[in-house]
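Reader: I am new to this structure and would like a close look at a single part of it, the place where the ligand sits. Please take me through that site with care.

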Amino acid sequence: MPMLGLGTWKNEDPTQCAESVRVALEMGYRHIDTAQIYGNEAAVGEGIDAAAVDREEVFLATKVWISNLTPEDVIATTEASLEKLGVDAVDLLYVHWPAGEYDPDETLPAFDELVDRGLTARVGVSNFEPHHVERAMDVLDTPVFANQVETHPFCKQSALREHAAEHGYELVGYSPLARGSVFDNDVLQDIAATHDASPAQVSLAWLAEKGVTSIPKATSEAHIRDNWESRSLELSTGEIARIDAIERHHREVNPDFGPDAWD
Ligand code: NAP
């Protein structure tokens with residue numbers, strides 16, 4: 001899985017969304033993140049189609065929404081997602097949250113079935129705390145490939161990063177720019193100035209150093225490029241330690257996530 005992807009939540013105008021995906025793929029991105037609830041799977045599919053990049057080169061992930069987690073709905077809505085995306089299969093299919101209709105014993109065998117039928121190559125989970133992940137691992141025949149959770153310098157997820165390393169799954173960090181809040185932080189601004197970089201790039205470089213895959217959402221070509229160029233930013237040990245020491249606790253999306261997520 002490419003460690004820098006393009007997020008698409010709230011990239012809702014279909015023309016704009018398709019264009020962002022096309023621009024990102026032609027710039028070099030090879031990982032696109034969408035979800036049923038974003039309402040833009042068809043636009044994402046159009047962007048992939050329009051790009052001068054083969055479908056096989058793109059790591060495409062979508063997520064099954066919480067109201068679609070009965071076994072029948074997992075199957076039917078995933079088939080509908082593939083239809084909208086215009087693909088035969090996705091590379092990664094996530095359970096979006098352990099909520100709503102989620103029942104591990106009922107929901108997860110349907111994900112195994114989708115793997116058996118070749119409709120997804122991998123199974124992921126999202127917004128799962130360690131105990132949710134362990135339960136999913138017990139039930140699934142397929143390995144849990146990734147857990148997608150909010151991760152950035154104000155929500156560092158060190159306990160979950162350790163859990164991921166110990167249990168052999170990937171951590172995918174969503175809202176890696178804290179939905180724009182990284183721009184207001186003195187430490188990130190200061191480190192960015194030293195490198196003639198942006199605070200967005202510093203946050204993404206910090207995540208990469210922690211082994212976390214990032215999926216920043218960006219709409220304009222300028223933002224898509226700024227984030228892409230974070231790959232060449234190398235932070236010093238001292239800079240990483242300064243970011244590790246930021247005490248601001250700030251979570252954008254899931255205020256109920258486990259108590260260890262700040263550190
Ligand atoms: P984010 O990526 O942290 O921040 C997105 C915001 O930052 C947008 O307003 C974007 O503006 C701006 N931005 C992006 N790059 C920039 C740059 N280089 N300079 C200045 N501003 C920049 O927030 P997010 O959308 O919440 O998270 C990213 C992705 O994670 C989502 O799109 C979605 O795919 C996924 N996600 C998953 C879950 C889940 O429950 N699994 C929850 C939330 C998010 P423009 O759009 O104007 O470029």
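Author: What follows describes the ligand, the residues around it and the pocket that holds it.

The model is a predicted one, and in it the space taken by the ligand is the largest pocket. About 610 Å³ of space lies in this pocket, and its lining is made up of 30 residues, with Trp9, Ser175, Arg179, Ile215 and Lys217 nearest the pocket's centre. Sorted by class, the lining of the largest pocket holds 14 nonpolar, 11 polar and 5 charged residues, and the element that gives the most to this lining is α9, with 3 residues.

Turning from the pocket to the ligand itself, 29 residues surround the ligand, and the closest of them are Asp33, Arg179, Lys217, Thr219 and His223. This shell divides into 13 nonpolar, 11 polar and 5 charged residues, and the largest share of the shell, 3 residues, comes from helix α9, which spans residues 221–228.

Several oxygen contacts of the ligand can be followed in detail. At Trp9, a backbone N or O atom lies 2.8 Å from an oxygen atom of the ligand, and at Leu177 a backbone N or O atom likewise lies 2.8 Å from a ligand oxygen atom. Arg179 contributes through its side chain, where a polar atom lies 2.8 Å from an oxygen atom of the ligand. On its own the ligand has 910 Å² of accessible area, and the protein covers 87% of that area.

Technical notes
Residues are numbered from 1 along each chain as its sequence is written. This is a predicted model: local features need pLDDT of at least 70, side-chain atom pairs count only at pLDDT 80 or more; totals for chains, interfaces and linings use all residues. Side-chain values use heavy atoms; hydrogens and water are left out. A residue is near a molecule or strand if one of its heavy atoms lies within 4 Å of it. A polar contact is a pair of N or O atoms within 3.5 Å; within protein, one must be able to donate a hydrogen and the other to accept it, and residues adjacent in sequence count only if both atoms are side-chain atoms. Accessible areas come from the Shrake-Rupley method with a 1.4 Å probe; for residues, only the protein chains shown count as cover. On a 1 Å grid over the protein atoms alone, a cavity is a set of points where a 1.4 Å probe fits but cannot get out, and a pocket is an open set with protein on both sides within 12 Å along at least five of seven lines; lining residues have an atom within 4 Å of a point. A molecule sits in a cavity or pocket if more than half of its atoms lie within 2 Å of its grid points. Helices (H or I, at least four residues) and strands (E, at least two) are DSSP runs, numbered from the N terminus. Ala, Val, Leu, Ile, Met, Phe, Trp, Tyr, Cys and Pro count as nonpolar, Asp, Glu, Lys and Arg as charged, and the others, Gly among them, as polar. Grid points are joined across faces, edges and corners, and a volume is the space filled by probe spheres set on the points.
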